[in-house]
Protein chains: 2
Amino acid sequence: MRLYDYLPSGNGYKVRLLLTHLGIPFERVELDIVAGATRTPEYLAINPNGRIPVLETDEGIHLAESNAILFFLADGTPFLPARSLDRARVLQWMFFEQYNHEPNIATSRHWIQHLELTDERRARLEEKHELGHDALRVMEAHLSSNEFFVARRYTIADIALFAYTHVAPEGGFDLAPYPAIRAWIERVASQPRHIPITEG
Amino acid sequence: MRLYDYLPSGNGYKVRLLLTHLGIPFERVELDIVAGATRTPEYLAINPNGRIPVLETDEGIHLAESNAILFFLADGTPFLPARSLDRARVLQWMFFEQYNHEPNIATSRHWIQHLELTDERRARLEEKHELGHDALRVMEAHLSSNEFFVARRYTIADIALFAYTHVAPEGGFDLAPYPAIRAWIERVASQPRHIPITEG
């Protein structure tokens with residue numbers, strides 16, 4: 001398998017982490033998204049949406065969208081429950097991640113780390129922090145009475161939400177008010193074959 | 001089944017449409033999201049994320065996130081293919097819908113229809129139109145050589161994308177430059193048991 005990737009990306013990290021848990025060897029192709037490497041004609045032929053990650057299977061098939069890739073790879077493994085309602089819950093949290101969490105928490109980190117903070121971005125960052133904290137509060141409430149997000153075990157719902165939550169402080173989010181999230185981050189990081197986001 | 005819903009919502013419409021296709025009877029509970037009906041303590045007990053739609057099963061289980069609900073209801077029916085790669089493609093398009101499409105196309109429509117257009121919103125609307133057209137171009141390219149999004153047949157990927165695409169003009173998006181999308185809208189609207197978004 002080949003992974004079109006960008007090392008600082010939490011979306012890329014989700015796939016790297018699951019592939020490593022599963023012991024599936026893969027080749028990483030690093031693309032500098034800030035320099036426009038995902039908007040070249042060559043890359044748009046791989047993903048018309050111009051984003052990473054993309055998984056290339058051994059049959060040469062390209063699959064985009066980090067959480068769709070997680071579902072594809074995890075199906076039939078302990079990382080995705082078999083029961084229909086549990087699968088729906090996994091998806092519920094993964095859609096929450098892409099709609100409520102990533103656009104606020106990941107984008108804040110991306111702007112602070114990689115882009116110039118114009119006055120306009122600074123004003124929008126405030127709104128993103130507010131909405132990001134809303135998402136963190138929803139997670140905190142759930143984790144206050146659950147060790148993991150779904151089915152009482154570590155699944156791709158945890159992987160999807162861990163990716164940008166554990167680096168939220170890099171986007172200006174203080175995790176001190178979220179003890180259940182901090183304990184869950186420790187639980188995820190102590191899973192067998194865990195790798196850090198900085199590891200390719 | 002019971003559906004917590006808001007009639008103008010495309011996210012609610014996705015679920016109404018699939019339930020109708022499947023011939024599953026359901027009771028609709030209308031919530032005025034603009035008036036804050038999804039932020040009451042009673043509703044937050046049903047969905048801590050304070051959004052519609054939520055599906056309540058006959059067992060009293062609550063499931064949130066429109067696309068997760070679609071996947072749950074469609075599993076084992078012709079609206080969700082059985083093959084692993086096809087399912088991943090369905091999810092790919094549904095995550096694209098929630099990340100690239102909905103926040104731009106649906107939000108533009110919501111602002112124009114229901115909220116006051118402040119100067120700030122007017123400026124952001126321009127950006128949302130730009131990003132929304134990016135999403136429409138990705139769809140147009142795919143539909144230029146495909147009748148439906150996945151597996152050459154009508155699936156929940158089409159339902160998810162149809163919901164806000166067919167009412168995109170209400171958000172200021174002219175669909176004239178997208179002939180493949182317009183032909184696909186006709187194909188979707190001519191499926192058996194189709195209902196319009198205005199039908200509860």
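Let's start inside chain A, at Leu18(A). Setting aside the residues within four places of Leu18(A) in sequence, its contacts are Leu70(A), Leu73(A), Ala74(A), Phe79(A), Ile156(A) and Ile159(A). Two of those partners come back when we look at the largest nonpolar core, which holds 107 residues. The members that touch the most others there are Leu18(A), Leu70(A) and Ile156(A), together with Leu18(B), Leu70(B) and Ile156(B). As background, nonpolar side chains in soluble globular proteins tend to be buried together.

Before going further, please keep in mind that this is a predicted model. Its scores are ipTM 0.97 and pTM 0.98. For chain A, the mean pLDDT is 97, and 100% of the residues reach 70 or more.

Now let's turn to where the chains meet. The contact draws 24 residues from chain A and 24 residues from chain B. On the chain B side, the elements that supply two or more residues are strand 4 (62-64), helix 3 (66-74), helix 4 (84-114) and helix 5 (119-143). Helix 4 of chain B contributes the most to that side, with 11 residues. Sorted by class, the side of chain B that touches chain A has 16 nonpolar, 6 polar and 2 charged residues.

A good residue to follow here is Phe95(A), which sits in helix 4 (residues 84-114) of chain A. Is Phe95(A) buried or exposed? There are 25 other C-beta atoms within 10 Å of Phe95(A), so this residue is buried. Not counting residues up to four places away in sequence, Phe95(A) touches Glu65(B), Asn67(B), Ala68(B) and Gln98(B). Within chain A, you can also locate Phe95(A) relative to Ala160(A): the two are 65 residues apart along the chain, and their C-alpha atoms are separated by 9.7 Å.

Next, look at how two helices of chain B pack. The axes of helix 5 and helix 7 (residues 179-189) of chain B come within 8 Å and cross at roughly 75°. Angles of 65 to 115 degrees count as roughly perpendicular, and helix 5 and helix 7 of chain B are therefore roughly perpendicular to each other. Helix 5 of chain B brings Leu136(B), Met139(B), Glu140(B) and Leu143(B) to this contact, while helix 7 of chain B brings Ala180(B), Ile181(B) and Trp184(B). By class, that gives 6 nonpolar, no polar and 1 charged residues.

Staying in chain B, move to Leu3(B) in strand 1 (residues 2-5). Leu3(B) is buried because 20 other C-beta atoms lie within 10 Å, and 20 or more is what the term requires. Apart from neighbours within four places in sequence, Leu3(B) is in contact with Val15(B), Arg16(B), Phe26(B), Arg28(B), Val29(B), Pro53(B) and Leu55(B). Take Arg16(B) from that list: 13 residues separate Leu3(B) and Arg16(B) along the chain, and their C-alpha atoms are 8.1 Å apart.

Pro53(B), another of those contacts, deserves a look at its backbone. The peptide bond from Ile52(B) to Pro53(B) is cis, with omega near 0°. Pro53(B) is placed in the loop between helix 2 (41-46) and strand 3 (54-56) of chain B. In chain A, a cis peptide bond joins Ile52(A) and Pro53(A), with omega about 0°. Pro53(A) lies in the loop between helix 2 (41-46) and strand 3 (54-56) of chain A.

Chain A has further backbone details in the loop between helix 5 (119-143) and helix 6 (156-165), where Ala151(A) is found. Ala151(A) is not a glycine, although its phi is positive, at about 60°. Arg152(A), found in the loop between helix 5 and helix 6 of chain A, has a positive phi of about 55° and is not a glycine either. How exposed are they? Ala151(A) has 18 C-beta neighbours inside 10 Å and so counts as partly exposed. Arg152(A) has 11 other C-beta atoms within 10 Å, which means that this residue is exposed.

Our last stop is Pro192(A), in the segment after helix 7 (179-189) of chain A. With 7 other C-beta atoms within 10 Å, Pro192(A) is exposed. From Pro192(A) to Gly36(A), the C-alpha to C-alpha distance is 35 Å, and the two are 156 residues apart in sequence.

Conventions
Residues numbered from 1 in each chain as written. Chains lettered and ligands numbered in written order. Predicted model: local features only at pLDDT ≥ 70, side-chain atom pairs only at ≥ 80, totals over all residues. Contact = placed C-beta atoms within 7 Å. Helix = DSSP H or I, 4+ residues; strand = E, 2+ residues; numbered from the N terminus. Nonpolar A, V, L, I, M, F, W, Y, C, P; charged D, E, K, R; others polar. Axes fitted to C-alpha atoms, helices over the stretch in contact; angles between N-to-C directions. Parallel < 35°, antiparallel > 145°, perpendicular 65-115°, else oblique. Core = buried A, V, L, I, M, F, W, Y, C linked by C-beta atoms within 7 Å. Buried ≥ 20, exposed ≤ 12 C-beta atoms within 10 Å, placed from the backbone. pLDDT = per-residue confidence, 0-100.
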